[in-house]
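Biologist: I should like to learn how to read a protein model, feature by feature. Please give the general idea each time, and then the case at hand.

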Amino acid sequence: QVPLVESGGGLVQPGGSLRLACVASRPTLRNYIMGWFRQAPGKEREYVASMIWNTGDPVYSVNVKGRFNLTRDNAKNTLYLHMNSLKPEDTAVYFCAARHRDESTYGSWGQGTQVTVSS
């Protein structure tokens, strides 16, 4: 288990930007894959993006590719989700998650942070 804490959510107008942060309380994230998911009211949890921590290589869902960007601060064990050109349909609770590269599912989850895109 990796303790995870998200921050940075809030209310933003369509077309605006937000940056979410996920801090992992672990000495190192080597050999972990860090991801972001979101869940809108009445909908199932949806994959957003992930990063192989060792390489920094990001992967994005088709719904956010070109608008969202993942970066990391290795020294702070922090993963950032930069969200640009936000749309009302991006409104959801955003969750950070972690899994070891040898695991097939994400076993560690944060508490979530609310993102609301509305005028």
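**Reading strands, core and charges**

Modeller: Let us begin with the pairing of strands. Strand β2 (residues 10-12) is joined to β11 by 3 bridges, and the two run parallel. Within this pair, glycine 10 stands opposite valine 115 in β11. Please keep in mind that this is a predicted model.

Biologist: Which way do β9 and β11 run?

Modeller: β9 and β11 run antiparallel, joined by 3 bridges. There, valine 93 has glutamine 114 of β11 as its bridge partner.

Biologist: Where do the side chains along strand β11 point?

Modeller: They alternate along β11 (residues 113-117). Thr113, Val115 and Val117 point to one face and are buried, whereas Gln114 and Thr116 point to the other face and are not buried.

Biologist: How is a hairpin read, and what joins β5 and β6?

Modeller: One looks at the pairing and then at the turn. β5 and β6 pair in the antiparallel sense over 4 bridges, and alanine 49 has tyrosine 60 in β6 as its bridge partner. The two strands form a hairpin with 4 residues between them. In the turn, glycine 56 has a positive phi of about 80°.

Biologist: How many helices and strands does the chain have?

Modeller: The chain has 0 helices and 11 strands. Its elements, read from the N terminus on, therefore follow the order β-β-β-β-β-β-β-β-β-β-β. The radius of gyration is 13 Å, close to the 14 Å that the globule rule gives for 119 residues, so the chain is as compact as a globular protein of that length. Along its principal axes, the C-alpha trace spans about 40 × 25 × 25 Å.

Biologist: What share of the residues is buried?

Modeller: A residue counts as buried when its relative accessible area is under 20%. Buried residues make up 46% of the 119 residues in the chain. The accessible surface comes to about 6,300 Å², and 48% of that surface belongs to carbon and sulfur atoms.

Biologist: Which residues of the largest nonpolar core touch the most other members?

Modeller: Of the 30 residues in this core, they are Met34, Trp36, Leu81, Met83 and Tyr94. The elements that give two or more residues to the core are β3 (18-24), β4, β5 (46-52), β7, β8, β9 and β11. Leucine 81 may serve as an example: not counting residues up to four places away in sequence, it touches Leu18, Arg19, Leu20, Trp36, Val48, Phe68, Asn69, Leu70 and Tyr94.

Biologist: What share of the contacts joins residues at least 24 apart in sequence?

Modeller: Among contacts between residues at least 6 apart in sequence, the share is 53%. A separate case of distant residues concerns glycine 15 and serine 85, which are 70 residues apart along the chain, yet their C-alpha atoms are separated by 4.2 Å. Glycine 15 lies in the loop between β2 and β3. Not counting residues up to four places away in sequence, glycine 15 touches Ser85 and Leu86.

Biologist: Is glycine 15 buried or exposed?

Modeller: Glycine 15 counts as exposed, because its relative accessibility is 54% and the cut-off for exposed is over 50%.

Biologist: Let us turn to charges. How many salt bridges are there?

Modeller: A salt bridge requires a side-chain nitrogen of Lys or Arg within 4 Å of a carboxyl oxygen of Asp or Glu. By this rule there are 3 salt bridges. One of them joins the side chains of glutamate 46 and arginine 38, at 2.8 Å from N to O. Glutamate 46 is partly exposed, with a relative accessible area of 26%, while arginine 38 is buried, at 6%.

Biologist: Which residues are linked in the network of salt bridges?

Modeller: The network links Arg38, Glu46, Arg67 and Asp90. Arginine 38 also meets aspartate 90 in a salt bridge, at 2.9 Å from N to O. This pair links distant parts of the chain: arginine 38 is in strand β4 (residues 32-39), and aspartate 90 is in the loop between β8 (78-83) and β9 (92-100), 52 residues apart.

Biologist: What is the distance from N to O between aspartate 90 and arginine 67?

Modeller: The distance is 2.7 Å, in a salt bridge between their side chains. Arginine 67 is in the loop between β6 (57-60) and β7 (68-73), 23 residues apart from aspartate 90. Both aspartate 90 and arginine 67 are buried, and the relative accessible area of aspartate 90 is 0%.

Notes. Residues numbered from 1 in each chain as written. Heavy atoms only, no water. Buried < 20%, exposed > 50% of the residue type's maximum accessible area, 1.4 Å probe, protein only. Pairing = 2+ DSSP bridges. Core = buried A, V, L, I, M, F, W, Y, C linked by side-chain atoms within 4.5 Å. Contact = heavy atoms within 4.5 Å. Rg over C-alpha atoms; globule rule 2.2 N^0.38 Å. Areas by Shrake-Rupley, 256 points an atom, 1.4 Å probe, with all protein chains shown as cover.
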